[in-house]
Amino acid sequence: MSDAESPTDFDPTAPNTGEDFEPVDVFPDSTDFDLRPGADSCYKCSTCDTNCPVAEVDDDFPGPKFQGPEQWRLKQNDDEHTIDDSVMSCSNCMRCDNACPSGVPLSQMHNTARGEYVSEQMSKTSVEYWRNRILSNYRTSAWLASKVPRLANFAMNFGPARWALEKTMGVTSEREFPEFAQETFREWWQKEGAAAGSRERAREHRRRRGESADADKKVAYFHGCYSNYNTTEVGKAMVRVFEHFGYEVVVPEQKCSGTPMFANGMLSDARRHAEVNVSSMSDLVDQGYDAIASCTSCSMALRQEYPELFDIDGIDEVAAHTFESLEYLRIHEDLRGELDAAEVDGDLAKEFAYHAPCHARNQGLEHQSVELFRDLEGVGIEDVGESCSGISGTYGWKEEKYEKSMEIGEEMFEHMEDADGDTGMTECPTCAMQMEHGTGYDIRHPLELLEAAIVD
Amino acid sequence: MAIESEVLVVGGGLAGLTSALAAAREGADVRLVSYKQSTLRNASGLVDILGYTPEGDGPLTDPFEAIPELPDEHPYQTVGLHTIREAMALFDDVAPDYRGGHTDTNALLPTHGGTIKPTARYPAGASAGLASDTRDVLLVGLESMVDFDAQHAAAHLEATGVPFDVRGVTIRFPGDLRADAKITRYAKLLDTNGEVAVRGRTVPARDALAQRVNTERDGEERVGFPAILGDDDDAGVRATLREKLGADVFEVPMGPPSLPGLRLEDALFAALDESGASIETGNPVVDYDGEGHVEQVYVEKNGARIPNSADQYVLATGGLVGKGVESEREGVYEPVFDCHVPHADDRYEWFDTEAFGDHQFARFGVETDDDLRPTAGDGGVEFDNLRAAGSILGGYDFAAEKSGSGVSIATGYAAGQRAAQEAR
């Protein structure tokens, strides 16, 4: 107990009851998102800090409580105060959001601070800026590579080229670049008859299922860059699974979700892409479609980062109508019943070491795959624990972050080795890269297993 | 369509987890939804049943002797002694790293402020620190960790009249950690026994820490550290230190964020996962359908409302701090189901002018029938299939009584078990 004397002039029996009390608008002219209520909600419990995978290994990183509410307050007090450059060490895993018992929008604060740091303090001629910009604009590189996939697959993993890339650009040569598909998902989709083909197949499935052929079941697929250019089997599985449940699928025009751009503070790049995505999705949402993503970072961007960072027409409606693929089926279909009756044999009858991506955790999806598949005949699945994989998209590709990234991932690698079998499973393409890199396992997506279980 | 289960538990703290575990062990299909991560990581990790009477008498030797004397509205009276014992047996079963279950008597544990806390269960890592033990103690503080001032804590302990000599020293944690390094940073370094630089040489972290403490130790048979000794492998960290120091090693429970709390959270979630329950954290329950009977509740995700339906529901959303009970200038309310929360009309009666006075707000919460179902102002139940557990219950002041964990475990157990039986 404090030794201080009790104040004597405080008389709570005669208080200012202020019946017409009105909260004061502190920054009435600001057009930015007002982060003050968020900063005020922080009561310094430091729970966020215990969730930060970077602070656990990086002695230069002050953690989310500093990056968020504390830095925000420092800046209000002092116009000279600039953003601390440690914000660039945040990997944007967003775990701190899920940790906060007081609802502080930590990742929104980090994204805002990082955006300001990059636009106002980072040299636009620095190697770091251009390296980050190229890494975060993966879609552009992937688009180019997809024109000549064989050549790209060779060139991107050609030793001397990678050595040069590390020395000149700071992209680690420790990692293998992902392989580009010979045919993109969208090319395949066109061959399958696109939306018209899907409508026909969905109607047939509805007939088979005893549902009305005209049932209003339609979804818009946000495949993201990776399912389009690299793991096209995930996109194909999504289409087949949803059609199996009688959904008509459309694949609207889309750009990168923006995930790597947020993590690198490239907010104007992200906004440009978001505008395209929101515009094409919001038209479809108006027509009764829901947006479905197979990558949990894409769904995270559309659901949370967009409305937190941008003011674009229709953005809130799109956020409220965006779902991860299995999550959507779990809500609207009897997924459990269907899986109870199913059995997997062949290629995917395996033991899976499942890792929940950080961005899946933040959407409340971390137990979903294990809960759905743990009783599925013919397969085994084991959660490899709550550790972050460590790659966090572009973070683990940076030469100066590579070691930290592997140190964060160590716990996951060990748990994968301990689990039965040698196949991994996750929703996130870059977590998959890290899992493969650390263990040599083949990594699959839950949609692929769902397809194997229920689609004939 | 909704996400379905037989029993739906709202809240992921000690009460919610115990509820879900009890219901799952009763054979029900259980789902637990929690807005954020469990608040257990803010808890010291000590599990108390009753340390003081509501009148402030104590520390109590035997909580089970004092419970029958509690006022009628106390949650312990609602569930009864027998249920409290069954509930603690469930806890002991799912938290094997806990000690104290061999006796009804309270243990006395030193806190990081140097006070003595009566508690029913404590982590194995704290057991060498018992205040009833007569071996001398060295408390080791870390320069960068201002939450634990070892000299100050030692002086306070001495003043309480403990039956041993206690001394505090403050050392620098080996390695070049930043001044505000997170507790998880220390824990990870010790878990992995990572190399740290000490005077130009690299040494495993556990060895380096033991070396530093050994230069300060003066024959004490027990050494206490702030609770940072590992997360995944805390037993291993303590074993190495014990061996290198030639002394018993214990952790002093700390304020938030707390590794012992985190370890307990992990143990309980693992047990729940093993029981086959489904778990979702990250999104709040915001609304419900039903009149006198809860049909379904809505989990809100970025503007989308996801229906979750069950036969039976358990409300374990916490008290005023956990936001299971909210207050405004006009009144006090329960935000999800709008269950009745009794309170004085004049808000100036809600508190006492003395900081440690008898505050009404400390006992704010829902009233229930004998079956833990919240009751309305007229005494009838609010919903026939909704039970409440933990600090959302009114009628007791857990902070003053040191009864928070015990009430959560006992009422969580009772609510979960009853819900599962009803759902059959």
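Here is a short question-and-answer tour of a predicted model with chains A and B.

User: Before we start, how are things numbered, and what does the model being predicted change?
Analyst: Residues count from 1 along each chain as its sequence is written, while chains are lettered from A and ligands numbered from 1 in the order in which they are written. As this is a predicted model, local features need pLDDT of at least 70 and side-chain atom pairs count only at pLDDT 80 or more, though totals for chains, interfaces and linings use all residues.

User: How many helices and strands are there in chain A?
Analyst: Helices (H or I, at least four residues) and strands (E, at least two) are DSSP runs, numbered from the N terminus. On that basis, chain A has 24 helices and 8 strands.

User: What radius of gyration does chain A have, next to that of a compact globule?
Analyst: The radius is taken over C-alpha atoms, and the globule rule is 2.2 Å times the number of residues to the power 0.38. The C-alpha atoms of chain A fill a box of roughly 80 × 60 × 40 Å along the principal axes. For 456 residues the rule gives a radius near 23 Å, and chain A agrees with 24 Å.

User: What percentage of chain A counts as buried?
Analyst: A residue is buried if 20 or more other C-beta atoms lie within 10 Å of its own, exposed if 12 or fewer, and partly exposed in between, with C-beta atoms placed from the backbone. Of the 456 residues in chain A, the buried share is 53%.

User: Which domains is chain A divided into, and how many residues does domain 4 of chain A give to the contact with domain 1 of chain A?
Analyst: The bounds come from an automatic or database domain assignment. They are domain 1 (36-75 + 91-120), domain 2 (127-169), domain 3 (185-332) and domain 4 (335-454). The centres of domains 1 and 4 of chain A, taken over C-alpha atoms, are 27 Å apart. Two residues are in contact if their C-beta atoms, placed from the backbone, lie within 7 Å; here domain 1 of chain A gives 10 residues and domain 4 of chain A gives 11 residues.

User: Where is the largest nonpolar core, and which helix gives the most to it?
Analyst: A nonpolar core is a set of buried Ala, Val, Leu, Ile, Met, Phe, Trp, Tyr and Cys residues joined through C-beta atoms within 7 Å. The largest has 127 residues, and Val7(B), Val10(B) and Leu315(B) are among those with the most contacts inside it. Domain 1 (3-101 + 261-423) and domain 2 (112-252) of chain B both give residues to this core, so it lies between them. The top contributor, with 9 residues, is helix H11 (residues 404-423) of chain B.

User: Which residues is Leu315(B) in contact with, leaving aside neighbours within four places in sequence?
Analyst: Leu315(B) is one of the residues with the most contacts inside the largest core. Its partners beyond that sequence window are Val10(B), Gly11(B), Val336(B), Phe337(B), Leu386(B), Ala388(B) and Ile392(B).

User: How do the residues divide on the side of chain A that touches chain B?
Analyst: Each chain puts 33 residues into the contact. Helices H2 (47-51), H4 (95-99), H16 (296-309), H17 (315-320) and H18 (325-332) of chain A each give two or more residues to that side. Ala, Val, Leu, Ile, Met, Phe, Trp, Tyr, Cys and Pro count as nonpolar, Asp, Glu, Lys and Arg as charged, and the others, Gly among them, as polar. The split is 12 nonpolar, 13 polar and 8 charged.

User: Which residue in the turn between E5(B) and E6(B) has a positive phi?
Analyst: Strands pair if DSSP finds at least two bridges between them, and E5 (residues 107-110) and E6 (residues 116-119) of chain B pair in the antiparallel sense over 4 bridges. Ala107(B) stands opposite Thr119(B). The two strands form a hairpin with 5 residues between them, and the turn residue with a phi of about 90 degrees is Gly114(B).

User: Is Asn92(A) buried or exposed?
Analyst: Asn92(A) sits in the loop between helix H3 (64-77) and H4 of chain A. Its phi is near 60 degrees, a positive value in a residue other than glycine. With 24 other C-beta atoms within 10 Å, Asn92(A) is buried.
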